[in-house]
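Me: Please take one helix of this protein and look at it closely. Then follow its contacts outward into the rest of the chain.

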Amino acid sequence: MENLLSLSFDYLSSFDGVKIRKGLRQLEGLLAQICLSRTTTAAERRRSMAIDGVAKSSPKDLASLSEDPAFREFFKLQEGFEWNVAIRLISCLERLLGKGSNGQNDLLLVSTLDLLRGVLLVHPPSRSLFAREIYMNLLLDLLEPSSCPAVQSSAVLTLVTALLEQPSITRCFENLDGLLTVTSLFKNRGTSREVKLKLVEFLYFYLMPEIPYAGRDAANVHGGLHRSPSKASRLGSGGRERAEGVEGTRTTNEKQSLLGRYLNNVEDLVEDLKETAPFGTSFG
């Protein structure tokens, strides 16, 4: 597994789009082998072919995944700097973002974000990387109006994954004017309808009661990582503010008050959230 990761990381560190795409596909293939079960019987293969035209794999259930030797090995490798996939994908995002917006580069950005979401779900401790300003700023950079709609949509979903069960990262997002970034994009006339729907979903998610992740905090695991700031954090006094005090949780009412600084009728969002419970969360 280390050899495959090493080869993939070499490709991801390239400035050649073809090599980056190859690295992404290798990592995607590795995660697929870990997380998916192939159909084992002839009947299952025929059924899959009849429905979809191809023999598809099915996701492993969580209980079997946690006991899978390959998954356990992968998870263990993610605990250190050398083999952590998330940090390599974040570095790749930074390089791609620096190349500007064009069709091929945008496709690579979306693919990298899609893979990063999968890694953050498979290895939740890697979400702690986004408690750092430089990494959170990178996601917020992708939500600028100049980004293409596909990149914006994928960045919103990645932001949700990074914040999932991570109150400290949510505080970092708030302190870096993340709410201003999200609401400004939502109110921008040039923002596509699809992206606006994603942003509304994000706001529902943001307003939910906060439940910290029960796993081990990975902040110290990556304590030795250093990286140059994103373009937004190099703007000086005109950039987003520095994050301070990222500990603790906030209630829905407290977050409603924060969001109300940038958006009208937030109380309607909260009432709708309480009535419909779209994420299965009870407000009590």
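Reply:
**One helix and its surroundings**

Helix α6 covers residues 85-98, which is 14 residues, and spans 20 Å from its first C-alpha to its last, close to the 20 Å expected at 1.5 Å a residue. The expected span is 1.5 Å times one less than the number of residues. Helices here are DSSP runs of H or I with at least four residues, strands are runs of E with at least two, and both are numbered from the N terminus. The model is predicted, so local features need pLDDT of at least 70 and side-chain atom pairs count only at pLDDT 80 or more, while totals for chains, interfaces and linings use all residues. Residues are numbered from 1 along each chain as its sequence is written, and side-chain values use heavy atoms, with hydrogens and water left out.

Most of α6 is covered, with 10 of its 14 residues buried. Buried means under 20% relative accessible area, exposed means over 50%, and partly exposed lies in between, using a 1.4 Å probe and protein chains only. The buried residues of α6 are V85, A86, I87, L89, I90, C92, L93, E94, L96 and L97. They pack against five other helices: α1 (2-12), α2 (17-35), α5 (69-77), α7 (103-122) and α8 (133-141).

L89 shows this packing residue by residue. Apart from neighbours within four places in sequence, L89 is in contact with L12, L24, L27, T112, L115, L116 and V119. Contact means heavy atoms within 4.5 Å. One of these partners, V119, lies in helix α7. V119 is buried, at a relative accessible area of 1%. Leaving out residues up to four places away in sequence, V119 touches L31, V85, A86 and L89. The C-alpha atoms of V119 and E28 are 9.5 Å apart, although their positions lie 91 residues apart along the chain.

L89 also belongs to a wider group. The largest nonpolar core has 73 residues, and L89, F130, M136, F173 and F202 touch the most other members. A nonpolar core is a set of buried Ala, Val, Leu, Ile, Met, Phe, Trp, Tyr and Cys residues joined through side-chain atoms within 4.5 Å. In soluble globular proteins, nonpolar side chains tend to be buried together.

Two members of that core lead on to the aromatic rings. There are five aromatic pairs in the structure. Rings of Phe, Tyr and Trp (its six-membered ring) pair if their centres lie within 6.5 Å; planes under 30 degrees apart count as stacked, over 60 as edge-to-face and the rest as tilted. The F173 and F202 rings are edge-to-face, because their centres are 5.5 Å apart and their planes stand at 70°. F173 is in helix α10 (residues 167-175) and F202 in helix α12 (residues 193-207), so this pair ties together parts 29 residues apart in sequence. F173 and F202 are buried.

F202 has a second ring partner. The rings of F202 and F205 have centres 6.3 Å apart and planes at 45°, so this pair is tilted. F202 and F205 are three residues apart in helix α12, which means about one helical turn separates them. F205 counts as buried at 15% relative accessibility. The C-alpha atoms of F205 and V160 are 7.6 Å apart in space, with their positions 45 residues apart in sequence. Ring pairs join F173, F202, F205 and Y206 into a cluster.

Y206 also has a charged partner, since K255 lies over the face of its ring, 5.1 Å from the ring centre. The charged end of R95 is placed over the ring of F15, 6.0 Å from its centre. A charge sits over a ring if NZ of Lys or CZ of Arg is within 6 Å of the ring centre and within 35 degrees of the ring normal.

Some loop residues are worth a look too. E165, in the loop between α9 (149-163) and α10, has a phi near 55°, a positive value in a residue other than glycine. E165 is partly exposed, at a relative accessible area of 38%. N265, in the loop between α13 (252-259) and α14 (266-276), has a positive phi near 60°.

Finally, the whole chain gives the setting. The protein chain has 14 helices and two strands, and 45% of its 284 residues are buried. Of the contacts between residues at least 6 apart in sequence, 74% join residues at least 24 apart.
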